[in-house]
Structure formats: structure tokens, C-alpha cells
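Student: Got a minute to go through a model with me? I'd like to start with the aromatics.

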Amino acid sequence: MFSPQDLEKLVQKCIDMGAEAGKNIVIALLILVIGRYLIRFLKQLFARTLHQTKVDATVQSFIVSLSNILMLILLGVSVISALGINTTSFAALLASAGVAIGMALSGNLQNFAGGIIILVLRPYKAGDWIEAQNVQGTVQEIQIFHTIITTADNKMVFIPNGTMSSSIITNYTRTGTRRVEWTIGIDYGADPEQARRAIADALKAEPRILATPEPYIAVTALGDSSVDIIVRAWVNASDLLLVKDSVNEAIYHIFNERKINFPFPQQTVHLVRD
């Protein structure tokens, strides 16, 4: 049986424990509220700083999201510590869970690491036209695990960042300008100089062709059925396809106007009589 003194001690102990727990809860709530406000402020400050340094918008989103997750984890550990829970045991449990989750999601962790490599080395950015993994198109977004590419026929392709970070990537827009090349065939017997002048006039009529470096026009080969003229000109990367098609049409029309014939495949047959 409990004596009145034992009952009084038990009640006092419960009051002390309740007071201590209440104090811990109040402190934890204060840390949670202040921490959330501080995280929101730091997130906005970080995003504003990245924007002022003209960091790519996709990279900004990636970094801000990652930093937000890390700050929330730190806040959670601080709240748990304020409640009086042993964070050492909690950290050990979290580490064990992390190992198990890491083994289950090893591929995604590789893609996450690949995303960081891409963001640091920046072989491409959002808006670039690239070719990788037999896919060619515009980079729409660099996510944590995938790079999203939109192809010319408007298909969205998701390529894992782990694969992208270790594969060959051709970036067609990084340098700003591109060289366009045509091979134009004319009949044997036609005047190559007349054809060169006609091609030069067609290039001058196309305003998107850059004056420097100067276009190059020369006879490059004597083919089976044609005299081949190589044409090289420089354009802004975004104009490449439009200029290529436009000049093809212009050369066709100007050759017809100046009576310069395009060759057809020919074959010489020798008849031997007995």
C-alpha cells in the first residue's frame, strides 16, 4: 500500500516530469516555428542570390530544392533533440534506414549524383539542342534524377542523369554559330565558274548567313555523273535548319533561271559487235 508520503512524492514527480516535458514541448514548438520562418527566409535569399548571379533557372530550382530538403532535415533533428529524445539513437536508426533505402534505390542515387555532375560541369543547360543516347532535341529541364528532352516531333524523352553524365553528348548550340554545308552537282560540260557565281548570289540573298567567316565555294569532286561543288557558310545555331532549306530552294531557282543543269545519274554502255 502507498503511504500518503509516497503518493505525494509520486504526484510531485509527475508534476515535475510534466513541467519538464511541457518546457521541452514549448522549446520544440518555438524551434519549429522560428526554424520554418528562418528556412523560408534563407530559401528566398538563396534563390534571389542565385538569380542575381545569373545562374541558369533549372540549376536554381535544383539547388534551392536540395538546400530546402537539407534544412528541413536539420530542423527535424533539432526539434527531436529539444523534445529530449536521444538524437544519437535516432541518428543510428536514420543511418540504418538510409543504408537500406540506398541499397534499394542505388540506381536513383547514381542518377542523383549524375545530376549534380551535370549541374557542376554544365555540358548542357535548359534550352540547348543536344544529341545523347541516340536522342536529339531541346533540353527542357534538368531534374534531380532525369534530363527531359523534347524532340523535333514534340516527343518528351526522359534520360537518367547517371547515363547522361557518363555518355557522349553533342551540344549543337553551345558555341552560338554553326557551319552549314551543301554539295551541289552540275552537269559535265557546264561552267563551274558560272555555277559558283550563281551559288554566291543565292547566299548573298539569304540575310541569316554571316558575312564572317566568308562563305566557301569550290569544286570538290568529279563524280560518276556530276561535277560536285562544295558550299560552306556560317550561321547562328538557331537558324541552321531554316537556312539550309532556304538556300536549297534558292539554288534550285537560280540554276533554272541561268540554265545551269542539275545532273541525272548516267551510265555509259559500250556495244561490241562481232
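**Aromatic pairs first**

Tutor: The structure holds 2 aromatic pairs. Rings of Phe, Tyr and Trp (its six-membered ring) pair if their centres lie within 6.5 Å.

Student: What is the geometry of the rings of Tyr252 and Phe262?

Tutor: Their centres are 6.0 Å apart and their planes are at 20 degrees, so the pair is stacked. Planes under 30 degrees apart count as stacked, over 60 as edge-to-face and the rest as tilted. Tyr252 is in helix α7 and Phe262 is in the segment after α7, 10 residues apart, so the pair links distant parts of the chain.

Student: Which residues form the aromatic cluster?

Tutor: Tyr252, Phe255 and Phe262 form one cluster.

Student: Are Tyr252 and Phe262 buried or exposed?

Tutor: Partly exposed, in both cases: Tyr252 has a relative accessible area of 45%, and Phe262 has 29%. Buried means under 20%, exposed over 50%, and partly exposed is in between (1.4 Å probe, protein chains only).

Student: Before we go on, what sort of model is this?

Tutor: It is a predicted model: local features need pLDDT of at least 70, side-chain atom pairs count only at pLDDT 80 or more, and totals for chains, interfaces and linings use all residues. Residues are numbered from 1 along each chain as its sequence is written, and side-chain values use heavy atoms, with hydrogens and water left out.

Student: New topic. How many residues does α6 have, and how far does it reach?

Tutor: Helix α6 covers residues 192–204, 13 residues in total. From first C-alpha to last it reaches 18 Å, close to the 18 Å expected at 1.5 Å a residue. The expected span is 1.5 Å times one less than the number of residues. Helices (H or I, at least four residues) and strands (E, at least two) are DSSP runs, numbered from the N terminus.

Student: Which residues of α6 are buried?

Tutor: Ala195, Ala198, Ile199, Ala202 and Leu203. Seen down the axis of α6, they fall within an arc of 140 degrees, so they line one face of the helix. The arc is that of the directions from the helix axis to the C-beta atoms.

Student: Why would spaced-out residues share a face?

Tutor: An α-helix has 3.6 residues a turn, so residues three or four places apart point the same way.

Student: What does that buried set pack against?

Tutor: The buried residues of α6 pack against β6 (177–186), β7 (216–222), β8 (227–236) and α7 (240–257). Contact means heavy atoms within 4.5 Å.

Student: And what happens at the start of α6?

Tutor: A side-chain oxygen of Asp191 reaches to within 3.1 Å of the backbone nitrogen of Glu193.

Student: Now Arg232. Where is it found, and what is it in contact with?

Tutor: Arg232 is in strand β8. Leaving aside neighbours within four places in sequence, Arg232 is in contact with Arg179, Val180, Glu181, Pro215 and Tyr216. A polar contact of 3.0 Å joins the side chains of Arg232 and Glu181. (A polar contact is a pair of N or O atoms within 3.5 Å; within protein, one must be able to donate a hydrogen and the other to accept it, and residues adjacent in sequence count only if both atoms are side-chain atoms.)

Student: Last one. Which residues does the cis peptide bond join?

Tutor: Thr212 and Pro213, with omega about -5 degrees. Pro213 is in the loop between α6 and β7.
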